[in-house]
Amino acid sequence: MPSIPGWKDQILFTPGPLTTSRTVKQAMLRDLGSRDFEFIETVRAIRNGLLAAGGVKDKGYDAIILQGSGTFSVEAVFASTVRPGGKVLIAVNGAYGDRMLHLCKVLGIATVEVRCPEHQPVDPAAVKKALHEHPGITDVATVHCETTTGIINPIGEIGAQAHAAGAQFFVDAMSSFGAVPIDIEGARIDYLVSSANKCIEGVPGFGFIIARRAAIEATDGWARSVSLDILAQLRGLEKNGQFRFTPPTHVLLAFHQALLELEQEGGVPGRGARYRNNYDTLVAGMRAMGFREYLPAELQGYIITSFLYPDDPKWDFEDFYTRLNERGFTIYPGKVSNADCFRIGNIGRIFESDVRDLLAAIRETIDAMGLQLHA
Ligand SMILES: Cc1ncc(COP(=O)(O)O)c(C=O)c1O
């Protein structure tokens with residue numbers, strides 16, 4: 001049954017786009033010229049805010065904003081910063097690591113794959129071994145929070161291996177930046193990517209790259225793309241504060257407001273605490289109803305959780321999803337390759353009371369479907 005549009009949106013328990021605050025949405029009710037003084041000032045504030053959120057303000061890093069979804073920025077880092085003839089080691093334990101391999105393949109960039117099981121973190125010892133066995137690796141890339149499962153990879157240890165081998169280190173922190181503390185300097189990260197519609201709680205429309213200045217300045221002439229050339233994008237932003245091509249002006253206004261709201265919440269630790277509380281509430285409630293997580297608790301991050309399909313002949317994910325949707329809640333299908341799962345995100349402008357409402361709706365749905373789950 002199609003839902004009737006009303007003033008109240010679905011609450012999104014997804015990995016993004018997310019439920020955003022009313023004030024973030026309201027910030028878009030303006031038209032700003034892309035060469036306008038106020039817009040240029042907004043972009044400057046956003047770039048500084050990103051460096052502050054990453055803990056690298058005035059520490060030799062730059063923030064580059066790039067139009068498009070998060071994948072465009074991941075692709076842009078490969079397309080712009082891998083030296084001609086370079087070779088990228090990609091440590092994979094989920095769909096977004098696989099996407100990195102795919103991006104490099106299409107770009108014609110040589111890769112070495114270190115594959116780890118989806119229910120285990122990337123193994124830094126396996127990265128070390130591969131670096132040893134494959135001379136000529138110029139870059140190491142991995143995903144911080146593998147949104148496929150919600151696992152958090154040990155980027156500090158992986159970065160140390162990359163650094164020891166003299167390779168650049170690239171981290172896709174799409175679903176964790178802004179809510180999970182990341183020591184960009186300590187982890188020896190040269191390039192980190194995230195996007196507008198994740199933990200900063202903006203709306204979709206651009207990604208961003210936090211780049212170590214010395215690393216990106218050395219990439220002159222390496223770009224394999226014009227629109228995804230992040231050094232050119234940085235130079236454009238630095239020259240006159242403008243984008244090279246039409247910027248998503250309304251999305252940037254929303255993001256500027258979202259950064260202010262991040263600060264009001266106590267920055268990354270404050271936001272992380274709310275998400276962790278959402279996660280704790282969710283998992284306790286789901287277990288009490290008889291659901292089980294795909295990952296062991298000690299590996300599970302607080303961004304998103306994969307739950308195993310219950311072992312009941314009456315289980316039907318489409319039916320479960322639709323019934324929750326009719327009650328005003330949007331959850332997310334699974335992406336794990338070796339188990340049937342669905343996912344529930346804890347991020348976005350959602351609070352413990354929203355999680356409790358979701359749990360109550362799940363309880364009702366289980367009863368309506370006649371499922372017999374055993375807590
Ligand atoms: C870790 C990670 N990488 C990449 C992406 C892709 O981002 P987008 O869908 O914005 O292109 C996502 C999206 O959820 C993600 O979680």
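**Notes on the predicted model**

1. Let's start with isoleucine 303. Leaving aside neighbours within four places in sequence, this residue is in contact with Cys145, Ser175, Ser176, Ala179, Val180, Cys199, Tyr275, Gly345, Asn346 and Ile347. Keep in mind throughout that this is a predicted model. Isoleucine 303 is found in the loop between α10 and β11. Buried or exposed? Isoleucine 303 counts as buried, because its relative accessibility is 0% and the cut-off for buried is under 20%. If you want a long-range marker, the C-alpha atoms of isoleucine 303 and glutamate 217 are separated by 33 Å, with the two positions 86 residues apart along the chain.

2. Now the domains. The assignment splits the protein chain into domain 1, made of 11–18 plus 267–369, and domain 2, which covers 22–263. Their C-alpha centres lie 27 Å apart. As for the contact between them, domain 1 puts in 28 residues and domain 2 puts in 30.

3. Next, a sheet to look at. Strands β11, β14 and β13 form an open sheet in the order β11-β14-β13, with antiparallel pairing. Which strands sit at the edges? Those are β11 (304–308) and β13 (332–333), each of which pairs on one side only. For background, strands of a sheet pair through backbone hydrogen bonds, either parallel or antiparallel. Here, β13 is joined to β14 (residues 341–345) by two bridges. To find the register, go to tyrosine 332: its bridge partner in β14 is arginine 343.

4. There's a helix to go with that sheet. Helix α10, residues 267–289, lies across β11 and β14. Relative to β11, helix α10 runs at about 10°.

5. On to the nonpolar cores. The largest one has 52 residues, and the members that touch the most others are Leu89, Val140, Phe177, Ile189 and Phe255. Which helix gives the most to this core? That is α9 (residues 249–264), with eight residues. A second, separate core has 37 residues, including Met289, Trp315, Val355 and Ile366. As general background, nonpolar side chains in soluble globular proteins tend to be buried together.

6. Phenylalanine 255 deserves its own entry. Not counting residues up to four places away in sequence, phenylalanine 255 touches Ile46, Leu50, Ala196, Ile200, Gly202, Phe206 and Phe208.

7. Alanine 211 is the next stop, in strand β10 (residues 206–212). With a relative accessibility of 0%, alanine 211 counts as buried. What does alanine 211 contact, leaving aside neighbours within four places in sequence? The list is Gly60, Tyr61, Asp62, Ile64, Asp190, Tyr191 and Ile216. Tyrosine 279 is 68 residues away along the chain, and its C-alpha atom is separated from that of alanine 211 by 31 Å.

8. Last one: serine 21, in the loop between β1 (11–12) and α1 (22–26). Serine 21 is buried, because its relative accessible area is 8%, against a cut-off of under 20%. The side chains of serine 21 and threonine 23 are joined by a polar contact of 3.1 Å. Not counting residues up to four places away in sequence, serine 21 touches Glu261 and Arg349.

How values were computed
Residues numbered from 1 in each chain as written. Predicted model: local features only at pLDDT ≥ 70, side-chain atom pairs only at ≥ 80, totals over all residues. Heavy atoms only, no water. Helix = DSSP H or I, 4+ residues; strand = E, 2+ residues; numbered from the N terminus. Buried < 20%, exposed > 50% of the residue type's maximum accessible area, 1.4 Å probe, protein only. Polar contact = N/O pair within 3.5 Å; in protein donor to acceptor, adjacent residues only side chain to side chain. Contact = heavy atoms within 4.5 Å. Pairing = 2+ DSSP bridges. Axes fitted to C-alpha atoms, helices over the stretch in contact; angles between N-to-C directions. Core = buried A, V, L, I, M, F, W, Y, C linked by side-chain atoms within 4.5 Å. Domains from an automatic or database assignment.
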